[in-house]
Amino acid sequence: MKEISCKLLVIGAGPGGYVCAIRAGQLGIDTVIVEAGKPGGTCLNVGCIPSKALIHAAEEFEKVSHMAGGNSPLGISVSAPVLDLARTVAWKDGIVSRLNSGVAGLLKKARVKTVQGWATFRDGKTVEVETETGMQVIRAETIVIATGSAPVELPFLRFGGPVISSTEALALSEVPKRLAVVGGGYIGLELGMAFAKMGARVTVVEALPRVLAQYDAELTRPVVKRLAELGIEVMPGAKAKGLSTQGQAGQGQAGQGQAGKGQAGKGDALLVETSDGKSAEVAADKILVTVGRKPVTEGWGLDQIDLDRAGKFIRVDDQCRTSMRGVFAIGDVTGEPMLAHRAMAQGEMVAEIVAGHKRSWDKRCIPAVCFTDPELVTAGLTPEEAKGQGEIKIGMFPFAANGRAMTKLGEEGFVRVVARADNHLVLGIQAVGQGVSELSAAFGLALEMGARLEDIAGTIHAHPTQGEGFQEAALKALGHALHI
């Protein structure tokens with residue numbers, strides 16, 4: 001059994017873990033990072049990056065499909081396109097592989113030692129790692145837990161056979177003819193819309209009264225309209241109950257029937273209780289379960305180091321310290337919002353704290369992006385949240401009045417700015433529209449810098465761009481919009 005000692009040990013090489021390790025290495029801290037899989041974690045390997053690749057391929061295929069119908073307003077016509085999903089997935093895998101290598105190279109450049117294997121705590125200063133070459137013991141002055149999260153599995157829809165998580169959805173070799181999506185949050189709708197564009201008949205089953213419930217209805221309206229245009233059937237207020245195979249409606253366990261054994265038969269169907277309490281079956285070749293993610297807190301000896309919890313998450317303070325001295329936790333394992341950029345920011349901060357810098361977690365703004373069609377961005381407070389702090393002003397500018405949006409066939413949506421009524425301090429910014437994910441940087445910067453409506457309105461925005469909508473929304477809130 002080999003033993004090594006270090007100043008800092010990072011468990012998990014996802015966005016939070018690898019950024020923490022790289023920054024620590026840059027600061028001259030003797031750092032070791034342990035990862036059981038490939039560097040990059042969920043985000044790089046089976047999340048953010050591969051899903052965006054698939055979404056882009058779907059968008060391109062849909063564009064060409066429209067042109068093949070001879071109805072393109074751009075005057076372009078082509079012969080009927082064919083999609084080879086296996087080739088698309090191979091392209092996606094190539095991007096992931098390049099980024100894997102990039103992260104590994106950055107860790108090496110920062111002189112971080114990488115240990116491949118599964119880490120298990122012995123105590124608050126020691127972990128065992130099961131590697132290919134045997135057991136390795138690592139002793140560290142400080143440990144950072146960055147173990148991330150995993151898809152939530154439903155007890156009556158176990159993963160296997162036709163029942164898949166987002167991980168399997170991103171590795172399919174062919175487009176399912178019929179896809180049932182359980183859960184109408186951002187993951188379900190991002191992938192559901194992508195597969196609909198690639199030719200699947202998609203049905204979304206959502207237990208809540210509406211999809212994308214974490215966003216306000218005004219913001220999601222263009223997305224709901226687009227779902228209908230894509231032929232996606234949405235079943236709001238409906239609950240998935242289990243899997244029916246070859247019409248055996250009484251069979252509620254995926255693991256008991258033919259489908260649970262990996263044989264997706266012609267009779268596969270999702271059992272659903274509709275909003276009016278009736279039973280229904282949704283025919284499906286694949287059932288994509290996207291009902292949320294859970295922190296990975298099991299299987300690595302957390303019981304050996306008695307850490308305080310906040311529900312199912314590890315409780316941390318404003319410096320990401322846990323209840324045990326010398327143990328930090330960052331990223332998804334510490335709670336919402338489960339976003340890669342939140343984990344990265346926390347990881348960088350913790351590395352600097354370990355190096356002796358004065359830092360704390362001041363999250364005035366963590367932008368969140370939903371890569372549906374159209375895209376959604378929210379940063380800071382929503383109008384409802386802002387109203388709780390007093391009187392507010394709201395400015396909204398529609399992309400239907402934006403020249404650049406018109407030239408991109410992207411007139412759906414708007415930019416919305418929420419500010420205090422007394423001093424015009426901007427509290428929140430939201431947008432829905434084609435490509436608005438790229439506006440998230442400007443939104444985040446405005447909130448972090450403490451911008452007022454006058455600051456945004458007085459900043460000259462380049463014409464013609466969709467970013468002008470941001471300036472126009474601020475002008476509208478001030479009562480003198482120029483282009484509406």
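## Helix α4 and its end

In this predicted model, helix α4 is followed by R111, a residue with a positive phi near 60 degrees. The helix itself covers residues 85-109. How does its span compare with expectation? At 1.5 Å a residue, the 25 residues of α4 should span 36 Å, and the C-alpha atoms at its ends are indeed 36 Å apart, so the two values agree.

Which residues of α4 are buried? They are L85, T88, V89, K92, V96, N100, V103 and L107. An α-helix has 3.6 residues a turn, so residues three or four places apart point the same way. The buried residues of α4 have plenty of company: they pack against α1 (15-26), β2 (31-35), α2 (41-46), α3, β3 (113-116) and α6 (186-197).

## How α3 meets α4

Two packed helices are described by the angle between their axes and the distance between the axes. For helix α3 (residues 48-68) and helix α4, the angle is about 145 degrees and the axes are 9 Å apart. Their crossing is right-handed.

It is worth looking at the side chains here too. From α3, the contact takes in I49, P50, A53, L54, H56 and A57, while α4 contributes L85, T88, W91, K92, I95, V96 and L99. By type, the residues of this contact divide into 10 nonpolar, 2 polar and 1 charged. Among the α4 residues in the contact, L85, T88, K92 and V96 also appear in the list of buried residues of that helix.

## A three-stranded sheet

Further along the chain, 3 strands form an open sheet in the order β12-β13-β14, with antiparallel pairing. The edge strands, β12 (239-244) and β14 (279-283), each pair on one side only. From one strand to the next, the twist averages 30 degrees.

Strands of a sheet pair through backbone hydrogen bonds, either parallel or antiparallel. Here β12 and strand β13 (residues 269-273) run antiparallel to each other and share 5 bridges. If you would like one pair to find on screen, K239 has E273 in β13 as its bridge partner.

## Two cis prolines

The peptide bond from E336 to P337 is cis, with omega near -5 degrees. P337 sits in the loop between β19 (327-329) and α8 (340-354).

A second cis peptide bond runs from D373 to P374, and its omega is also near -5 degrees. The loop that holds P374 lies between β20 (368-370) and β21 (375-380).

## Positive phi in two loops

L409 has a phi near 55 degrees, a positive value in a residue other than glycine. The loop between α10 (403-407) and β23 (414-420) is where L409 lies. Is L409 buried or exposed? Its relative accessible area is 51%, and the cut-off for exposed is over 50%, so L409 is exposed.

H424 is not a glycine either, yet its phi is positive at about 65 degrees. It belongs to the loop between β23 and β24 (426-433). Buried means under 20%, so H424, at 15% relative accessibility, counts as buried.

## E411 and its contacts

E411 is found in the loop between α10 and β23, and with 40% relative accessibility it counts as partly exposed. Which residues does E411 touch? Leaving aside residues up to four places away in sequence, it touches F399, A400, A405 and M406.

For a sense of distance, E411 and E281 are 130 residues apart along the chain, and their C-alpha atoms are separated by 37 Å.

Definitions and conventions: Residues are numbered from 1 along each chain as its sequence is written. This is a predicted model: local features need pLDDT of at least 70, side-chain atom pairs count only at pLDDT 80 or more; totals for chains, interfaces and linings use all residues. Side-chain values use heavy atoms; hydrogens and water are left out. Two strands pair if DSSP finds at least two bridges between them. Helices (H or I, at least four residues) and strands (E, at least two) are DSSP runs, numbered from the N terminus. Axes are lines fitted to C-alpha atoms, for helices over the stretch in contact, and angles run from 0 to 180 degrees between N-to-C directions. A crossing is left-handed if the near helix is turned anticlockwise from the far one by less than a right angle, and right-handed if clockwise. Contact means heavy atoms within 4.5 Å. Ala, Val, Leu, Ile, Met, Phe, Trp, Tyr, Cys and Pro count as nonpolar, Asp, Glu, Lys and Arg as charged, and the others, Gly among them, as polar. Buried means under 20% relative accessible area, exposed over 50%, partly exposed in between (1.4 Å probe, protein chains only). The expected span of a helix is 1.5 Å times one less than its number of residues.
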